[in-house]
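Here are my comments on the model you sent, set out as numbered points. Please read them with the sequence and the structure open beside you.

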Amino acid sequence: MRDLFTSFKDNCGFGLLASIDNTPSHKNLEDAVTALSRMMHRGAVAADGKSGDGSGLLLSMPNKFMRKIEELYQDKNYCIKCGSKLEIKKDRENKIRAICPNCNHIVYLNPIPASACLIVNEKNEVLIIKRKFEPNPGEWALPSGYIEIDETPEEAAVAEMKEETGLDGEVIQFLDYYSGYSPIYEKVISFGFLMRILGGTLKAGDDAAEAKFVSFEKLPPLAFDSHNHYINLYKNRSNK
Ligand SMILES: [Zn+2]
């Protein structure tokens with residue numbers, strides 16, 4: 001079949017079924033991408049957006065995705081400005097939102113920003129806390145929390161470090177950000193910081209059940225992928 005791909009290059013209007021019974025087939029998809037990459041027509045290569053020539057892949061209608069967006073707005077019932085019942089419909093940009101029919105207030109759902117602290121002591125042990133509250137109570141994590149409206153990500157990291165571990169600290173370095181799933185907010189963007197201890201006494205704060213240093217080898221599973229990401233980054237750098 002692959003020999004057929006080269007003969008398609010001058011055809012206009014090329015289609016390839018990459019989904020059967022709504023189940024995308026990996027093999028079909030690979031064949032389709034290979035075919036498209038060999039086409040010399042505009043659309044497949046260097047589309048100019050004017051001629052109308054083109055080709056593309058429709059795997060399946062993104063119904064699941066569309067339903068998901070609607071579900072996200074299902075608990076947005078009333079306008080926070082005027083109290084009217086919100087309607088879930090498309091906005092000017094064709095995106096589904098909860099919109100107030102009375103005052104036109106639009107509810108935007110955005111990822112929630114959070115900061116996480118990677119704190120390593122002189123014995124090369126990392127500070128972890130056992131979470132007390134949602135999300136993931138009872139699980140271990142790096143000290144972390146949501147960024148308040150009047151805080152920078154760095155200030156939030158310093159504040160969370162103090163609140164959860166009793167230690168005063170400062171940011172040494174921004175490690176990376178991580179965009180991940182949240183069971184509460186659907187999406188959280190976490191900022192990871194390497195922190196230096198300036199003082200204080202290690203003691204689990206009000207929103208942590210425990211706080212302790214452990215070696216990287218003895219790290220228990222952590223509640224958040226973002227925290228694993230920062231730890232892996234740090235370990236990879238230290239090993240170089
Ligand atoms: Zn309103």
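1. This is a predicted model, and confidence is therefore the place to begin. The mean pLDDT of the protein is 83, with 72% of the residues reaching 70 or more. Among the elements, strand 6 has the highest mean pLDDT, 98, while helix 1 (residues 2–7) has the lowest, 45. The pLDDT stays below 50 over residues 1–11, a stretch that nevertheless has twelve contacts in the model beyond near neighbours in sequence.

2. On the interior, the largest nonpolar core is made up of 28 residues, and those with the most contacts inside it are Cys-117, Leu-118, Ala-157 and Met-195. At least two residues of this core come from each of strand 6, strand 7, strand 8, helix 4 (153–165), strand 10 (167–182), strand 11 (186–200) and helix 5 (225–238). Strand 6 gives the largest share, five residues. As a general point, nonpolar side chains tend to be buried together in soluble globular proteins.

3. Met-195 deserves a look of its own. When its neighbours within four places in sequence are left aside, Met-195 is in contact with Cys-117, Leu-118 and Ile-119, with Ala-157 and Met-161, and also with Gly-169, Glu-170, Val-171 and Ile-172.

4. Turning to the sheet, three strands form an open sheet in the order 8-7-12, and their pairing is antiparallel. Strand 8 and strand 12 (208–215) are the edge strands, each pairing on one side only. Strand 7 and strand 8 pair in the antiparallel sense over two bridges, and the bridge partner of Lys-130 is Trp-140, in strand 8.

5. The loop between strand 7 (125–131) and strand 8 (140–141) contains Pro-135. A cis peptide bond joins this proline to Glu-134, with omega at about -5°.

6. Two asparagines have positive phi values, and I treat them together. Asn-94, in the loop between strand 3 (87–90) and strand 4 (96–99), has a phi near 70°, a positive value in a residue other than glycine. Asn-124, found in the loop between strand 6 (112–119) and strand 7, likewise is not a glycine and has a positive phi of about 60°.

7. Are these two asparagines buried or exposed? A residue counts as exposed if 12 or fewer other C-beta atoms lie within 10 Å of its own. Asn-94 has 6 C-beta neighbours inside 10 Å and is therefore exposed; Asn-124 has 10 inside 10 Å, so Asn-124 also counts as exposed.

Key. Residues numbered from 1 in each chain as written. Predicted model: local features only at pLDDT ≥ 70, side-chain atom pairs only at ≥ 80, totals over all residues. Helix = DSSP H or I, 4+ residues; strand = E, 2+ residues; numbered from the N terminus. Buried ≥ 20, exposed ≤ 12 C-beta atoms within 10 Å, placed from the backbone. pLDDT = per-residue confidence, 0-100. Contact = placed C-beta atoms within 7 Å. Core = buried A, V, L, I, M, F, W, Y, C linked by C-beta atoms within 7 Å. Pairing = 2+ DSSP bridges.
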